Amino acid sequence: MPLVYYLLLSAILFGIGVAGVLLRRNAIVIFMSVELMLNAVNLTFVAFAAHLKNLEGQIFVFFVMVVAAAEVAVGLALIVAIFRVKATVFIDEINLMKW
Amino acid sequence: MQNYLWLIPFFPLLGFVINGLLGRNFSEKAVGAIAAGAVLASFVTAVLTFTELLGLSPASRVLTQTLYQWLATGNFGVEVAFRLDTLSMTMVLAVTGVGFLIHVYSVGYMHGERGFSRFFSFLNLFMFAMLLLVMGNNFLLMFVGWEGVGLCSYLLIGFYYDRVFDETTGLTCAGAGTKAFIVNRIGDFGFLLGMFLIFATFGSLDFETVFSKAGASLTTPQVSTATFTAIALLLFIGATGKSAQLPLYVWLPDAMAGPTPVSALIHAATMVTAGVYMVARCSIIYLQAPIAMEVVAVVGLATAVFAATMAITATDIKKVLAYSTVSQLGYMFLACGVGAFTAGIFHLVTHAFFKALLFLGAGSVMHALSGETQITKMGGLRKYTPTTFWTFLMGGIAIAGIFPFSGFFSKDEILWKTFLHSPVLYVIALAAAGVTAFYMFRMIFMTFYGAPRMDAAVMHHLHESPKVMTLPLMILAGLSIVGGWIGIPHLNQFEHWLEPAMARFIPEGAALHAEAHEGSFGLEVGLMAVSVLVALAGIYFAYQMYLAKAGAADRVAARLSGIYNLLKRKYYVDEIYDALFVRPLLWLSENFFWKIFDVKIIDGTVNGSAKFFGGVASVLRRWQTGIVQNYAVTLVLGLIVILGYLLMR
């Protein structure tokens with residue numbers, strides 16, 4: 001399959017992720033959208049690695065996945081903590097960082 | 001001995017440091033011993049130096065010592081250097097000698113006062129500054145001393161800072177100190193300008209350099225008369241402030257708010273004579289500025305008359321003496337103005353003796369009367385305080401100018417030189433001398449003679465002062481009697497001694513306009529007799545009005561009520577200054593400098609810049625919505641713009 005298919009799929013996944021982050025209210029959904037964006041990037045890495053016969057892209061994906069796993073742990077902990085205080089995970093109700 | 005000149009001002013400085021830092025832990029005796037001992041040490045050093053000076057030939061009687069270079073910038077250099085010629089030697093001896101007696105007296109007078117050690121540390125600081133003033137070898141060092149004595153004067157006038165001085169005007173002691181300080185500032189401004197002009201003209205502030213160049217101008221004119229006149233007048237403005245001459249004398253009567261020994265030391269014997277010393281020091285400049293000399297003479301004489309008349313109606317014993325001091329200082333300036341600088345310094349010295357005596361005597365009277373200062377509430381003290389009475393009487397006779405007391409010789413020297421200069425000035429000065437005798441004996445009669453007028457409670461406590469106070473009185477009384485004999489006309493030792501200090505800068509063969517004619521000896525003796533008669537007439541009038549006929553003074557006051565009130569209210573000068581300067585300045589300060597310049601312009605600029613950024617921020621801060629998605633949108637938009645730019649390139 002030509003490279004361009006992978007890249008197109010990756011771009012579509014990334015766009016869906018961005019749209020999810022920008023448009024959804026639920027912090028957990030936003031979180032999942034972020035994961036989607038990360039994996040879109042991973043797909044691009046892998047596609048290029050296969051196309052160029054170069055392992056570095058594959059290796060980089062592992063790093064991304066490790067970071068993403070760590071991020072999930074921290075992010076979910078934050079969401080749980082916020083939920084305990086505010087009894088909500090809708091981010092338009094927890095917009096405290098403002099004037 | 002030359003290398004020990006610095007010791008003379010050093011001892012009082014040491015006394016100030018010790019008493020100032022540790023004095024509150026010491027007993028009164030220890031504080032007094034340290035303070036008086038420091039001044040005594042200075043006096044002894046001064047006497048030793050004096051004997052050394054006497055051993056030199058008259059022309060070479062100048063000792064100098066340079067401690068170190070204080071300032072050195074480009075062509076301007078100032079050294080911390082001391083100069084002891086016959087003029088400053090005279091001043092140093094008078095200052096330390098009289099100062100020591102007053103220190104001893106103060107130990108008794110200030111006994112039990114709060115701030116005893118503070119008083120003595122200030123007094124020693126004053127001695128240090130005064131010695132710096134008279135011993136400095138350049139104008140700047142002299143100015144440092146000049147300001148130093150002003151500071152000490154301020155501190156000591158306000159010594160009773162929590163008391164009200166004048167019930168009628170509500171002037172506090174602290175306020176009196178502030179008044180003295182501010183009025184002196186006006187004079188100091190003139191002194192500073194004079195110094196600038198001296199530096200601009202002669203390129204130095206060193207006495208030797210400046211006066212040599214000024215003296216050289218006598219034979220080969222290099223500096224214009226106008227410049228000399230300007231320098232002389234500017235320096236004289238400084239002298240009018242420090243020495244309480246018209247129009248800046250107003251601070252001295254209120255300076256009596258300080259303890260009496262302070263009035264004796266600072267506001268009679270030493271500090272206020274600094275102006276006379278300065279004019280005598282700069283005689284070579286004044287001699288080349290005839291107009292300035294005339295101004296000095298006229299201002300001095302006007303002050304002498306003006307202040308003497310105000311002393312007639314004053315009822316506060318210290319204020320009578322204060323006006324008397326202003327008046328006598330006027331005489332000294334009159335002497336300088338007519339070119340008789342040595343006569344001016346001579347009167348300065350004798351005045352230091354008898355005026356210190358009179359002030360200390362007044363302090364002794366107040367001590368006896370539980371602090372009463374109104375002579376209307378005294379009377380008959382002769383019996384109760386005999387030592388004070390006799391010494392006070394000696395001082396009174398001396399200032400009135402009766403032969404052969406010291407005041408006679410010095411005042412007569414001035415009158416004689418004035419007569420040679422201008423008979424018109426002489427007549428006025430003679431009249432002022434009569435008024436001096438009158439008010440002085442009015443005070444003596446009201447204080448020591450007649451029936452006692454004090455309250456029973458005060459009467460009960462009446463007592464002569466302790467030995468530590470009366471002993472200085474007796475020594476000063478002795479000096480008031482014999483002090484004038486150093487300057488007996490025609491064997492004038494004093495003039496021979498002092499003259500070289502002034503004449504050394506006059507080059508050989510230079511023609512001076514002054515001293516055009518010498519009067520005959522017979523005329524001089526005749527005028528002496530006249531001045532003694534005038535003084536006796538003044539005393540006689542005082543006797544008639546205040547002692548012989550009861551109520552005579554009140555009748556005269558009632559008949560001449562217009563003049564009486566004018567004098568009583570001190571010619572309304574304080575009121576006029578208040579309306580002319582103080583109030584407009586206060587109004588301007590409040591309504592312009594404070595409410596417009598400070599509030600609107602200075603605060604306005606600061607607050608305005610804060611308001612500006614606050615306003616801008618209040619618009620920009622809307623950007624920070626607190627909604628993370630808004631920030632993310634911005635991020636994405638930025639990303640699109642960058643990507644777009646990269647693709648379109």
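How many bridges join strand β1 (residues 62–73) of chain B to β2(B)? Keep that in mind as we walk through this predicted model, in which local features need pLDDT of at least 70, side-chain atom pairs count only at pLDDT 80 or more, and totals for chains, interfaces and linings use all residues. Residues are numbered from 1 along each chain as its sequence is written, while chains are lettered from A and ligands numbered from 1 in the order in which they are written.

**Stop 1: the hairpin in chain B**

Select residues 62–73 of chain B, which is strand β1, together with β2(B): 10 bridges join the two, and they run antiparallel. Strands here are DSSP runs of E with at least two residues, helices are runs of H or I with at least four, and both are numbered from the N terminus. Two strands pair if DSSP finds at least two bridges between them. Show L63(B) as sticks and you will find L84(B) of β2(B) opposite. Now move to the turn: two residues lie between β1(B) and β2(B) in this hairpin, and G74(B) there has a positive phi of about 60°.

β2(B) itself is mostly covered, with seven of its 10 residues buried. Buried means that 20 or more other C-beta atoms lie within 10 Å of the residue's own; exposed means 12 or fewer, partly exposed is in between, and the C-beta atoms are placed from the backbone.

**Stop 2: helix α22 of chain B**

Next, select residues 493–503 of chain B and colour F494(B), W497(B), L498(B), A501(B) and M502(B), which are buried. These residues sit on the same side of α22(B) because they cover an arc of only 130° around the axis; the arc is that of the directions from the helix axis to the C-beta atoms. What do they pack against? Add β2 (76–85), α3 (86–109), α11 (274–281), α12 (283–286) and α15 (341–368) of chain B to the view, and you have the partners of the buried residues of α22(B).

**Stop 3: V149(B)**

Go to helix α5 (residues 139–157) of chain B and pick V149(B). Is V149(B) buried or exposed? V149(B) is buried, because 26 other C-beta atoms lie within 10 Å. Leaving aside neighbours within four places in sequence, the contacts of V149(B) are F126(B), A129(B), M130(B), L133(B), M271(B) and A274(B). A contact means that the C-beta atoms of two residues, placed from the backbone, lie within 7 Å. For a distance to try yourself, join the C-alpha atoms of V149(B) and V164(B): the two are 15 residues apart in sequence and 24 Å apart in space.

**Stop 4: all of chain B**

Zoom out. Chain B has 27 helices and four strands, and its C-alpha trace spans about 120 × 70 × 55 Å along the principal axes. Of its 649 residues, 50% are buried. Colour domain 1 (2–507 + 517–568) and domain 2 (574–648) separately; these bounds come from an automatic or database domain assignment. Over C-alpha atoms, the domain centres are 58 Å apart.

**Stop 5: chain A and the contact**

Finally, select chain A, which has three helices and zero strands. The C-alpha trace of chain A spans about 50 × 25 × 25 Å, and 11% of its 99 residues count as buried.

Where chain A meets chain B, the contact takes 10 residues from each chain. On the chain A side, seven are nonpolar (Ala, Val, Leu, Ile, Met, Phe, Trp, Tyr, Cys or Pro), two are charged (Asp, Glu, Lys or Arg) and one is polar (any other, Gly among them).
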